[in-house]
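I opened the notebook to go through this structure one feature at a time. My notes follow in the order I looked things up.

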Amino acid sequence: MKPGEPIGVRLGQLIASRDGLTLTAQPGARVRVATESVSVTGVDLGVTRKQGGALDGRLRASGSMNKSGRVEAKLDAEGFAVGPWIEFAQTFGGAEAASSPVAGTLDAAVTLRGTLRSPAIAGSVHFRGGQVKSLTGVDVAASFKTTASNVSGQLDARWQAQRVTAQGTIPLGVRLDGSKMRLPKDRTLPIELALKTENIDLKALTAGLGLPPLKGAVAADASVTGTLGQPRGKVSLAVTGFAGLGVKPLDVQVGVEAQAGVADASVPVERRSTRV
């Protein structure tokens with residue numbers, strides 16, 4: 001081998017076992033070390049059980065970094081059966097195995113490009129066919145993206161004809177070099193956040209999650225717009241037929257608008273037969 005010539009290593013199969021569970025890194029991963037860069041490709045992980053065979057889902061990863069600090073990395077999680085993987089993590093971490101309260105399938109992907117000082121990160125997560133305790137039909141999709149100047153993302157969660165959505169963009173640059181993240185000094189940069197709920201049934205939600213019983217229908221709509229220096233906020237919340245925890249049925253409506261230190265609010269509360 002000549003001086004300065006890149007070094008390449010192809011990894012064989014790697015196996016780690018504990019309490020009947022086996023973590024396997026498939027053969028074929030490669031590590032390449034050169035004067036100007038280091039890269040890893042083809043990492044492929046899976047898990048099998050002594051009883052029950054392979055767990056659904058695979059984790060694949062690759063990445064590289066050069067001398068100037070530029071980074072490229074990718075991580076993909078495909079078809080993860082969430083419940084068995086939670087049980088696997090408990091057992092492999094030394095905890096006593098217990099039945100997972102969560103079931104469903106998870107897909108996720110994350111990419112990283114740029115430098116540690118100014119990275120561009122994008123990711124997505126999709127939890128489908130889900131069940132949390134006895135709450136069924138759970139579907140959650142989320143995504144995010146960061147740049148040198150802002151962070152944006154969105155969320156869409158649904159279960160049993162109920163829904164929560166959220167989205168937003170804030171002027172905050174993400175850094176991975178250990179430096180503290182601070183809001184920019186430019187107070188004219190825009191900000192946008194929004195949250196909305198649809199058909200939230202407290203009785204079904206608390207029963208499904210095993211929480212103290214509540215009743216009522218909830219509708220909420222909240223937003224923040226404007227700039228860092230002049231934000232504007234608005235919140236609208238309506239709870240119909242709220243009852244539970246010793247509270248007799250009542251209706252609550254909350255409306256708040258605020259801008260640059262000035263706020264206007266209304267909070268009417270009504271019993272089913274008497275206004276409070």
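**Hairpin first**

I began with the hairpin of β17 and β18, where 2 residues sit between the strands and Leu245 takes a positive phi near 55°. This is a predicted model, so I read every value as computed from it. I then looked up how the two strands pair. β17 covers residues 231-244 and β18 covers residues 247-259; they run antiparallel and 10 bridges join them. I picked out one pairing: Ser236 has Gly255 in β18 as its bridge partner.

**The whole chain**

Next I stepped back. I found 2 helices and 20 strands in the protein chain. The chain has 276 residues, and 22% of them count as buried. Its accessible surface is about 17,000 Å², with 58% belonging to carbon and sulfur atoms. I also checked the contacts with a separation of 6 or more: 40% of them are between residues 24 or more positions apart.

**Nonpolar core**

Which residues have the most contacts inside the largest nonpolar core? I noted Val138, Trp159, Ile200, Leu202 and Val218, in a core of 14 residues. β11 (135-146), β12 (151-159) and β18 each supply at least two residues of this core.

I followed Val218 further. Leaving out residues up to four places away in sequence, Val218 touches Thr197, Asn199, Ile200, Leu202, Leu237, Ala238 and Val239.

**Other positive phi values**

I went looking for backbone oddities after Leu245. The background is simple: most residues other than glycine have a negative phi. Asn199, one of the residues that Val218 touches, has a positive phi near 60°. Asn199 lies in the loop between β14 (192-198) and β15 (200-201). Is Asn199 buried or exposed? Asn199 is exposed, because its relative accessible area is 56% and the cut-off for exposed is over 50%.

Lys133 also has a positive phi, about 55°, and is not a glycine. I located Lys133 in the loop between β10 (119-132) and β11. Its relative accessibility is 46%, so Lys133 counts as partly exposed.

**A loop glycine**

I looked up Gly178 in the loop between β13 (162-170) and β14. Gly178 counts as exposed because its relative accessibility is 72%. I took its C-alpha to C-alpha distance to Leu116: 8.7 Å in space, with their positions 62 residues apart in sequence.

**Salt bridges**

How many salt bridges does the structure hold? I counted 7.

I started with Arg60 and Glu78, whose side chains meet at 3.0 Å, N to O. Arg60 lies in β7 (residues 58-66) and Glu78 in β8 (residues 70-81), so the pair ties together parts that are 18 residues apart in sequence. Arg60 counts as partly exposed, because its relative accessibility is 31%. Glu78 is partly exposed too, with a relative accessible area of 42%.

Then I turned to Arg128 and Asp107. Their closest N and O atoms are 2.9 Å apart in a salt bridge. Arg128 lies in β10 and Asp107 in β9 (residues 102-115), so this pair ties together parts that are 21 residues apart in sequence. Arg128 has 33% relative accessibility and counts as partly exposed. Asp107 is partly exposed at 23%.

Asp156 and Arg158 gave me another pair, at 3.1 Å, N to O. What is the relative accessibility of Asp156? Asp156 comes to 19%, so it counts as buried, the cut-off being under 20%. Arg158 is partly exposed, with a relative accessible area of 39%.

I closed this part with a network of salt bridges that links Arg117, Arg175 and Asp177.

**Surface patch**

Last, I checked the nonpolar surface. Ile7, Val9, Val33 and Val38 make a nonpolar surface patch of about 280 Å². I placed Val38 in strand β5 (residues 37-49). Val38 counts as partly exposed, because its relative accessibility is 40%.

Notes:
Residues numbered from 1 in each chain as written. Predicted model: local features only at pLDDT ≥ 70, side-chain atom pairs only at ≥ 80, totals over all residues. Heavy atoms only, no water. Helix = DSSP H or I, 4+ residues; strand = E, 2+ residues; numbered from the N terminus. Buried < 20%, exposed > 50% of the residue type's maximum accessible area, 1.4 Å probe, protein only. Contact = heavy atoms within 4.5 Å. Areas by Shrake-Rupley, 256 points an atom, 1.4 Å probe, with all protein chains shown as cover. Pairing = 2+ DSSP bridges. Patch = residues over 30% accessible without salt bridge, like charges linked within 9 Å, V, L, I, M, F, W, Y side chains within 5 Å. Salt bridge = Lys/Arg side-chain N within 4 Å of Asp/Glu carboxyl O. Core = buried A, V, L, I, M, F, W, Y, C linked by side-chain atoms within 4.5 Å.
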